[in-house]
Amino acid sequence: MSILDRFLHPPAPHVEPVGTDAAARLAAIHASAFPRPWSTLDFERLLGERGIMADGLFLGRTTKPSGFVLSRIVLDEAEIITVAIAPEARGKGFARALLTPHLDALSRRGVARVHLEVEEGNGPAIALYRRAGFRETGRREGYYHKADGTKASALTMALDL
């Protein structure tokens, strides 16, 4: 492959596990996506926990993730704790490119069912989860605190792997 080919044909997005060394970047992405962001320390603690699985989305040749998904595994079930994509990468289908291999990795680790909660007004996320096969299992009234001080309900969803 020539140098010109490297610029004309950048590597495809790829997903790989991330650890505590990525905590600051994950916190920055999370802060851009949620009104109540988690700190770098929060991510360091989470990523150091037993049963946490974290995957990052890498675009091109960068060594910094442009998105991530965190799940907690307990026996044969998992909960997706959070998913976020950096602002410059949103709306380009990368969330699906991140979620699909993450779900595959959960399945390979023996997870039979995955749960998650999503704000009822988050149309893009709900569409992503439905396309992945998640179905609504319940609702939690006033679960999320919004930036303007109001509360929003959460939809609970599940997927059998």
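## How two helices meet

Let's begin with a pair of helices: α4 and α5 are oblique to each other. The angle behind that description is roughly 40°, the crossing angle of the axes of α4 (residues 94-108) and α5 (residues 123-131). Angles between 35 and 65 degrees fall outside both the roughly parallel and the roughly perpendicular classes, and therefore count as oblique. The two axes come within 11 Å, and α4 passes α5 in a right-handed crossing. Please keep in mind that this is a predicted model.

Which residues in α4 meet α5? They are A95, R96 and L99, and their counterparts in α5 are L128, Y129 and R131. Sorted by class, this contact has 4 nonpolar and 2 charged residues, with no polar ones.

## The sheet

Next comes the sheet, which is open and has 7 strands. Going across, the order is β1-β2-β3-β4-β5-β7-β6, and the pairing is mixed. At the edges are β1 (14-17) and β6, each of which pairs on one side only. On average, neighbouring strands are turned by 25° against each other, direction ignored.

Helices also pack here. Helix α2 (residues 23-33) touches β3 and β4 of the sheet, and its direction makes about 80° with that of β4. Helix α4, which we met above, lies across β1, β2 (52-58), β3, β4, β5 and β7, and runs at about 145° to β2.

## Strand β7 and its partners

Is strand β7 (residues 151-160) mostly covered or mostly open? It is mostly covered, as 8 of its 10 residues are buried. Strand β5 (residues 113-119) runs antiparallel to β7, and 7 bridges join the two. Within this pairing, E117 has T156 as its bridge partner in β7.

Strand β6 (residues 135-145) also pairs with β7 in the antiparallel sense, over 7 bridges. Here Y144 stands opposite A152 in β7. The hairpin of β6 and β7 has 5 residues between the strands, and G149 takes a positive phi near 95° in it.

## A parallel pair and a loop

For a parallel pairing, look at β4 and β5, which are linked by 3 bridges. E77 stands opposite R113 in β5.

Finally, visit the loop between β3 (67-74) and β4 (77-85), where L75 is found. Its phi is near 55°, a positive value in a residue other than glycine. Is L75 buried or exposed? L75 has a relative accessible area of 80%; exposed means over 50%, so L75 counts as exposed.

Definitions and conventions:
Residues are numbered from 1 along each chain as its sequence is written. This is a predicted model: local features need pLDDT of at least 70, side-chain atom pairs count only at pLDDT 80 or more; totals for chains, interfaces and linings use all residues. Side-chain values use heavy atoms; hydrogens and water are left out. Axes are lines fitted to C-alpha atoms, for helices over the stretch in contact, and angles run from 0 to 180 degrees between N-to-C directions. Helices (H or I, at least four residues) and strands (E, at least two) are DSSP runs, numbered from the N terminus. Angles under 35 degrees count as roughly parallel, over 145 as roughly antiparallel, 65 to 115 as roughly perpendicular and the rest as oblique. A crossing is left-handed if the near helix is turned anticlockwise from the far one by less than a right angle, and right-handed if clockwise. Contact means heavy atoms within 4.5 Å. Ala, Val, Leu, Ile, Met, Phe, Trp, Tyr, Cys and Pro count as nonpolar, Asp, Glu, Lys and Arg as charged, and the others, Gly among them, as polar. Buried means under 20% relative accessible area, exposed over 50%, partly exposed in between (1.4 Å probe, protein chains only). Two strands pair if DSSP finds at least two bridges between them.
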